[in-house]
Amino acid sequence: MLGATFTRRAATATRAALHSSAPRSAKLGLEGLASKTDLNGARVLIRLDLNVPLSKEDGVTITDDTRLKAVVPTMKFLLDQKAEVVVATHIGRPKDAPDPAFSVAPIVERFSELLGTEVIKADD
């Protein structure tokens, strides 16, 4: 364990030393990326944590859509840029195999409403 930690620290220090003489460019946020890249027609994969709480009674009614609302500005920005957005997300943590109880189907309708456009769920 100590060897692995030491190796990671050494690798990090080496990378820092190698890059210290080169001019550093700032990391780009989404708006910065869009200003340098034409997103029109570009396929953008975005990983979102949309693990929203569902009603215990029926298992499909969203009880708090705060996470969905939080990503609306980012999604609308990408859509306004004419990007083709693919969202990777999940609900819960199924154990051995896919379980319908953990389907993202319940969020599709609400997400569509919030975005003002049709959200299509892939079944695979």
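Here are a few exercises on a predicted model of one protein chain, each with a worked solution.

**Exercise 1: Get your bearings**

Work out how many helices and strands the protein chain has, and which pattern they follow along the sequence.

*Solution.* Start by counting: the protein chain has four helices and two strands. Now walk along the sequence and note each element as it turns up, which gives α-α-β-α-β-α. Two of the pieces we'll need later are β1 at 43-47 and β2 at 84-88. The helices we'll spend time on are α3, residues 66-80, and α4, residues 105-115.

**Exercise 2: Size up the whole chain**

Find what share of the protein chain is buried, and how much accessible surface the chain has.

*Solution.* Take burial to begin with: of the 124 residues, 23% are buried. Next comes the surface, which totals about 9500 Å². Carbon and sulfur atoms own 55% of that area. Finally, look at who touches whom: among contacts with a separation of 6 or more, 63% join residues 24 or more positions apart.

**Exercise 3: How do α3 and α4 pack?**

Decide what to call the arrangement of α3 and α4: parallel, antiparallel, perpendicular or oblique.

*Solution.* Step one is the geometry: the two helices pack at an angle of about 55°, and their axes are 10 Å apart. Step two is the label: roughly parallel needs an angle under 35 degrees, and roughly perpendicular runs from 65 to 115. The angle therefore makes α3 oblique to α4. Step three is handedness, and this crossing is right-handed.

Now zoom in on the side that α3 offers: L68, K69, V71, V72, M75 and K76. They meet I107, R110, F111, L114 and L115 of α4. Sorted by class, the contact has eight nonpolar residues, three charged ones and no polar ones. A bit of helix background helps when you look at the numbering: an α-helix has 3.6 residues a turn, so residues three or four places apart point the same way.

**Exercise 4: What's hidden in α4?**

List the buried residues of α4, and name a helix that helps cover them.

*Solution.* Go through the helix and pick out P106, I107, V108, F111, S112, L114 and L115 as the buried ones. Their cover includes α3. Just past the end of α4 sits G116, with a positive phi near 70°.

Let's take S112 in α4 as a test case. The relative accessible area of S112 is 17%, so S112 is buried, given that the cut-off is under 20%. If you skip neighbours within four places in sequence, S112 contacts T117, E118 and V119.

**Exercise 5: Buried or exposed in the loops?**

Classify D65 and A101 as buried or exposed.

*Solution.* Place D65 before judging it: D65 is in the loop between β1 and α3. With a relative accessible area of 15%, D65 is buried. Beyond the neighbours within four places in sequence, D65 touches R110 and L114.

Then do A101, which is in the loop between β2 and α4. A relative accessible area of 54% makes A101 exposed, as the exposed class begins over 50%. The C-alpha atom of A101 is 8.6 Å from that of V60, with the two positions 41 residues apart in the numbering.

**Exercise 6: Partners of F77**

Find which residues F77 contacts once neighbours within four places in sequence are set aside.

*Solution.* Locate F77 in α3. Its contacts are L30, E31 and A34. For A34, the sequence gap to F77 is 43 residues, while the C-alpha to C-alpha distance is 9.5 Å.

Terms used: Residues numbered from 1 in each chain as written. Predicted model: local features only at pLDDT ≥ 70, side-chain atom pairs only at ≥ 80, totals over all residues. Heavy atoms only, no water. Axes fitted to C-alpha atoms, helices over the stretch in contact; angles between N-to-C directions. Parallel < 35°, antiparallel > 145°, perpendicular 65-115°, else oblique. Left-handed = near helix turned anticlockwise from the far one by under 90°. Contact = heavy atoms within 4.5 Å. Nonpolar A, V, L, I, M, F, W, Y, C, P; charged D, E, K, R; others polar. Buried < 20%, exposed > 50% of the residue type's maximum accessible area, 1.4 Å probe, protein only. Areas by Shrake-Rupley, 256 points an atom, 1.4 Å probe, with all protein chains shown as cover.
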